[in-house]
Amino acid sequence: MVSRARLEWETLQSGQPPVIRVGTATCGRSAGAFKTLTALRSAAGNLGLDCRIMEVGCLGLCYAEPVVSIAAAFRPQVLYGWVDESRALEIMEKDLVKGEPVEEYALGTLGRGRVKQIPRLSQTDVFKHQVRRILKRCGMIDPACLSHYLANNGYSGLKKAVDMGWEEIIEAVTASGLRGRGGAGFATGVKWGFCRKAEGEPKYLICNADEGDPGAFMNRSLLEGDPHALIEGMVIAGKGIGASRGFIYCRAEYPLALERLETAIKQARRAGFLGADIMGSGFDFDITIKKGAGAFVCGEETALIASIEGRRGMPRPRPPFPAVSGLWGKPTIINNVETLASVALILQQGAKWYADFGSEKSKGTKTFALVGEVKRPGLVEVPLGITIREMIFDIGGGVRGDKEFKAVQTGGPSGGCIPARLQDTPVDYDSLTAVGSIMGSGGMVVMNTDSCMVDVAKYFLEFTQKESCGGCVPCRLGTKQMLDILEDITEGKGSIEDLDILEELCRAVKGSALCGLGQTAPNPVLSTIRYFKSEYLAHIVEKKCPARVCRALISYFIDPEACAGCGSCIKSCPAGAVSGRKKKVHVIDQSKCIRCGACMEKCPARFHAVQCIPGKIF
Ligand SMILES: Cc1cc2nc3c(=O)[nH]c(=O)nc-3n(C[C@H](O)[C@H](O)[C@H](O)COP(=O)(O)O)c2cc1C
């Protein structure tokens with residue numbers, strides 16, 4: 001089966017006939033990849049071209065979607081960005097019909113050989129600092145094709161694992177230094193050892209694919225681009241911990257990931273990699289998908305277990321930890337998607353290979369969703385220990401519009417905001433914790449000076465407060481009270497005592513909430529107070545929002561020197577707050593102004609007469 005798969009892959013790679021790959025993961029689809037795909041298909045028909053058009057997952061270049069690559073004979077694959085329908089036709093005619101790759105739209109080449117004037121993708125700024133291991137196949141293989149996975153080392157880790165004892169499997173994972181990629185960063189091998197040695201049968205394995213952090217899509221991309229990697233990792237984990245049943249808990253909001261997983265599970269069963277007597281070894285393991293309704297708290301282990309059991313997704317106190325008493329009271333391991341896919345890699349390539357990259361206590365590579373005000377947002381995979389600066393500036397290209405970098409939020413609602421002055425902090429579990437944030441599952445939101453840090457804290461707290469299951473008093477009432485105070489501050493109703501109360505509440509909720517949601521909810525608030533206290537003080541004492549975000553603490557006014565009296569602002573104001581005769585200076589009545597900013601938006605750029613300033617004009 002493997003040699004047939006390799007042959008099929010080599011034919012594909014040879015570019016005879018040419019192969020067109022279109023990224024149709026969620027990011028590609030939202031950028032119009034299906035229109036591109038349709039245009040390419042009909043053009044191939046019209047031109048009578050003998051070529052293969054293939055759908056692939058995300059290559060990580062979300063900023064350049066839709067992306068399309070063309071592999072033709074005797075030259076490397078050329079990857080093109082921002083390929084809308086008309087660009088698709090142009091590229092097809094020039095590259096495939098005339099044999100002239102279009103330098104203008106090319107992002108880089110993949111594979112051996114050179115194409116004049118087009119850089120190798122691996123040498124471009126986006127890729128040269130990355131080490132792609134988990135994401136190696138994403139964007140290259142057809143995720144619905146088992147033979148593509150097989151031809152690229154797939155299931156070779158499982159092949160080794162079926163001949164290994166459970167001790168050896170756990171030893172390999174421990175030796176690799178792999179720590180959980182879902183947030184807590186606990187040593188995976190150690191956790192597995194607890195479960196294996198725990199009393200009680202059967203044992204269960206759960207893959208946590210709930211991924212609820214705002215701005216995070218690492219797990220989704222992997223599932224959409226390379227679903228067999230998770231299945232292989234799960235079967236190996238099952239053998240390691242002694243489980244014959246596994247569950248994938250994935251939110252129903254991920255329909256494409258679910259579809260790709262369902263296809264992959266069926267293929268793996270048919271090929272003997274899943275189900276009874278795996279690869280003739282006598283080991284049985286099967287996987288059931290459980291769709292979650294998208295409640296953030298269901299990502300917490302004990303709530304997730306309750307949800308699979310058919311109960312409301314509410315956490316319970318730990319201990320006992322799931323490794324000892326989990327699903328239906330039996331020893332259960334819960335691991336993140338990336339953790340389990342890493343296990344497949346460790347078995348494929350060896351523990352030492354895995355630990356080659358990374359820092360002393362954070363081994364390997366990690367995927368991050370680099371988003372926000374960065375020039376090249378997308379999915380990146382980097383060796384742990386790389387600095388925040390390298391990620392944002394070298395890989396991400398710096399801050400959009402060349403504005404000033406202010407802070408980066410890592411770890412989602414459980415994490416914190418790291419200020420620009422700490423941008424040389426290494427990205428690893430312990431260094432990020434030391435500066436008051438966490439690595440979490442890999443969300444990284446870049447902010448410029450237009451962000452108000454009090455507003456950012458409020459945004460994350462609004463999220464956790466809404467997502468709190470309400471089961472314990474500290475979280476239910478504490479997050480509500482904290483949010484009320486933050487709202488007051490952003491509305492100019494805060495007092496200096498509020499800051500002390502806020503910090504006291506943070507400590508109380510952190511120390512007494514039942515689960516991780518409540519225990520970590522104060523982190524965005526604490527980190528913004530720690531690093532951006534002056535902004536809180538400006539809101540409270542001066543009644544000003546320095547970043548000009550909080551509506552109650554800003555004003556719009558018309559510069560009489562610049563105003564030409566064109567009337568655009570009058571027409572755009574929904575509150576009737578602007579007045580003035582044609583060709584005469586206009587004015588804003590501050591008592592009527594609702595600070596929506598429509599006047600500033602509509603003021604012609606050549607006048608630039610409407611300005612927004614921190615503070616209120618009375
Ligand atoms: C509120 C909350 C939400 C969480 N959401 C996720 C999630 O979406 N995915 C995930 O892998 N872990 C999530 N976690 C962490 C898990 O509870 C757990 O630590 C993790 O799945 C363990 O896997 P790992 O050891 O492979 O990291 C969440 C934790 C909390 C408290």
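**Ligand contacts and a covered helix**

Me: What makes K191 a polar contact of the ligand?
Reply: A polar side-chain atom of K191 lies 2.9 Å from an oxygen atom of the ligand. The cut-off for a pair of N or O atoms is 3.5 Å, so this pair counts as a polar contact. Keep in mind that this is a predicted model.

Me: And what makes N208 and G182 polar contacts too?
Reply: Same test. For N208, a polar side-chain atom is 3.0 Å from an oxygen atom of the ligand. With G182, the backbone supplies the polar atom, and the distance to a ligand oxygen atom is 2.7 Å. Both values are within 3.5 Å, so both pairs pass.

Me: How much of the ligand's accessible area does the protein cover?
Reply: The ligand on its own has 610 Å² of accessible area, and the protein covers 89% of that. As for where the ligand sits, that is the largest pocket.

Me: Which elements give two or more residues to the shell around the ligand?
Reply: Those are β9 (332–336) and α21 (516–520). The largest share comes from β9, with three residues. The shell has 18 residues around the ligand, and the ones that come nearest are G182, K191, E211, N336 and T339.

Me: Why is T174 called partly exposed?
Reply: T174 has a relative accessibility of 36%. Buried needs under 20% and exposed needs over 50%, so T174 falls in between and gets the label partly exposed. You'll find T174 in helix α8 (residues 166–176).

Me: Why does V2 get called partly exposed?
Reply: The relative accessible area of V2 is 35%. That is neither under 20% nor over 50%, so V2 counts as partly exposed. V2 belongs to helix α1 (residues 2–14). V2 and C62 are 60 residues apart in sequence, with 32 Å between their C-alpha atoms.

Me: How do you know that the span of helix α11 agrees with what it should be?
Reply: Helix α11 (residues 227–241) has 15 residues, and at 1.5 Å a residue it should span 21 Å. Its end C-alpha atoms are 22 Å apart, so the two values agree.

Me: What makes α11 mostly covered?
Reply: Count its buried residues: 15 of its 15 residues are buried. Buried means under 20% relative accessible area, so every residue in the helix is below that cut-off.

Me: What comes just after α11?
Reply: That's G242, which takes a positive phi of about 85°.

Conventions
Residues are numbered from 1 along each chain as its sequence is written. This is a predicted model: local features need pLDDT of at least 70, side-chain atom pairs count only at pLDDT 80 or more; totals for chains, interfaces and linings use all residues. Side-chain values use heavy atoms; hydrogens and water are left out. Helices (H or I, at least four residues) and strands (E, at least two) are DSSP runs, numbered from the N terminus. The expected span of a helix is 1.5 Å times one less than its number of residues. Buried means under 20% relative accessible area, exposed over 50%, partly exposed in between (1.4 Å probe, protein chains only). A residue is near a molecule or strand if one of its heavy atoms lies within 4 Å of it. A polar contact is a pair of N or O atoms within 3.5 Å; within protein, one must be able to donate a hydrogen and the other to accept it, and residues adjacent in sequence count only if both atoms are side-chain atoms. Accessible areas come from the Shrake-Rupley method with a 1.4 Å probe; for residues, only the protein chains shown count as cover. On a 1 Å grid over the protein atoms alone, a cavity is a set of points where a 1.4 Å probe fits but cannot get out, and a pocket is an open set with protein on both sides within 12 Å along at least five of seven lines; lining residues have an atom within 4 Å of a point. A molecule sits in a cavity or pocket if more than half of its atoms lie within 2 Å of its grid points.
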